[in-house]
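The following exercises concern strand pairing, loop geometry and core packing. Each task is followed by a solution in steps.

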Amino acid sequence: MSEAAAVEERVEEQTDAYAEVSLGDPADVEAADRAEPELPAPAPRPVAPAVDVLKGRIKVADEVVEKVAALAALEIPGVADLGGDLERAFESVRDRIGVGAKRATQGVQASIQDQQVSIDVTLVIVYGHVVMDVATEVKVNVARSVSRMLGMRVVEVNVTVDDVRLPGQDSPAEATPTS
């Protein structure tokens, strides 16, 4: 028998005993109280306040939106990399000299205003994929992911295709520097 069931059974027995004794002599009530100690009253459970009553703010930084958008864009087949020429060149140099790691928000900028988000994504397409199809999929996936994960209304997603990665062309992160 589980502990909860045992406690419940004892409470029922005490209630029945109290009801029988309370109809009789007051001396019997004292004897029943001495015979079995009372269980402590269960502590009342704290009730969570309703959402509309709970005060406080939740602020999401632009960088959080940018990371979510970047990951959503990279999920789409045909997206080779994020960022414009200058950003990718800078990351390539930084990677070769071994200073820091690639920024997770590269190629993505977000602007939040009154729980509404506008996002700009700059990307590189893999050669052989239809540019407009990939860009449309990126746009939809970014909007869906940001909306679902952050609970914000995405008002616009602007996609800029900056380059095409040719077959056999390694990404800067995959390239190994020659000595």
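**Exercise 1. Determine in which sense S3 and strand S4 (residues 153-165) pair, and over how many bridges.**

Solution. S3 and S4 pair in the parallel sense, over 11 bridges; strands here are DSSP E runs of at least two residues, helices are H or I runs of at least four, both numbered from the N terminus, and two strands count as paired if DSSP finds at least two bridges between them. Within this pair, Val121 stands opposite Val159 in S4. The connection from S3 to S4 passes through helix H5 (residues 131-150), and this β-α-β crossover is right-handed; that is, with the strands pointing away from the viewer, the path from the first strand over the helix to the second runs clockwise.

The model is a predicted one, in which local features need pLDDT of at least 70 and side-chain atom pairs count only at pLDDT 80 or more, while totals for chains, interfaces and linings use all residues. Residues are numbered from 1 along each chain as its sequence is written, and side-chain values use heavy atoms, with hydrogens and water left out.

**Exercise 2. Identify the antiparallel partners of S3 and explain why S3 is described as largely enclosed.**

Solution. Step one: strand S1 (residues 79-82) runs antiparallel to S3 and is joined to S3 by 3 bridges. In this pair Asp81 stands opposite Val124. Step two: strand S2 (residues 108-113) also pairs with S3 in the antiparallel sense, over 6 bridges, with Gln113 opposite Gln116. Step three: 8 of the 11 residues of S3 (residues 116-126) are buried, so this strand is largely enclosed by the rest of the structure. Buried means under 20% relative accessible area, exposed over 50%, and partly exposed in between (1.4 Å probe, protein chains only).

**Exercise 3. Describe the backbone and the exposure of the residues in the loop between S2 and S3.**

Solution. S2 and S3 form a hairpin with 2 residues between them. Asp114 lies in this loop and has a positive phi of about 55° although it is not a glycine. Gln115, in the loop as well, has a phi near 60°, again positive in a residue other than glycine. For comparison, most residues other than glycine have a negative phi. As to exposure, Asp114 is exposed, with a relative accessible area of 73%, whereas Gln115 is partly exposed at 46%.

**Exercise 4. State which residues of the largest nonpolar core touch the most other members, and which element gives the most to this core.**

Solution. A nonpolar core is a set of buried Ala, Val, Leu, Ile, Met, Phe, Trp, Tyr and Cys residues joined through side-chain atoms within 4.5 Å. Of the 22 residues in the largest one, Leu82, Ile119, Val121, Val138 and Val142 touch the most other members. Two or more residues come from each of helix H3 (62-74), S1, S2, S3 and H5. H3 gives the most, with 6 residues. Leaving aside neighbours within four places in sequence, the contacts of Ile119 include Val65, Ala69, Val108, Val142 and Val157, contact meaning heavy atoms within 4.5 Å.

**Exercise 5. Place Asp62 in the fold and give its contacts.**

Solution. Asp62 lies in helix H3 and counts as partly exposed at 35% relative accessibility. Beyond its neighbours within four places in sequence, Asp62 is in contact with Ala110 and Ile112. The C-alpha atoms of Asp62 and Thr105, 43 residues apart along the chain, are separated by 10.0 Å.
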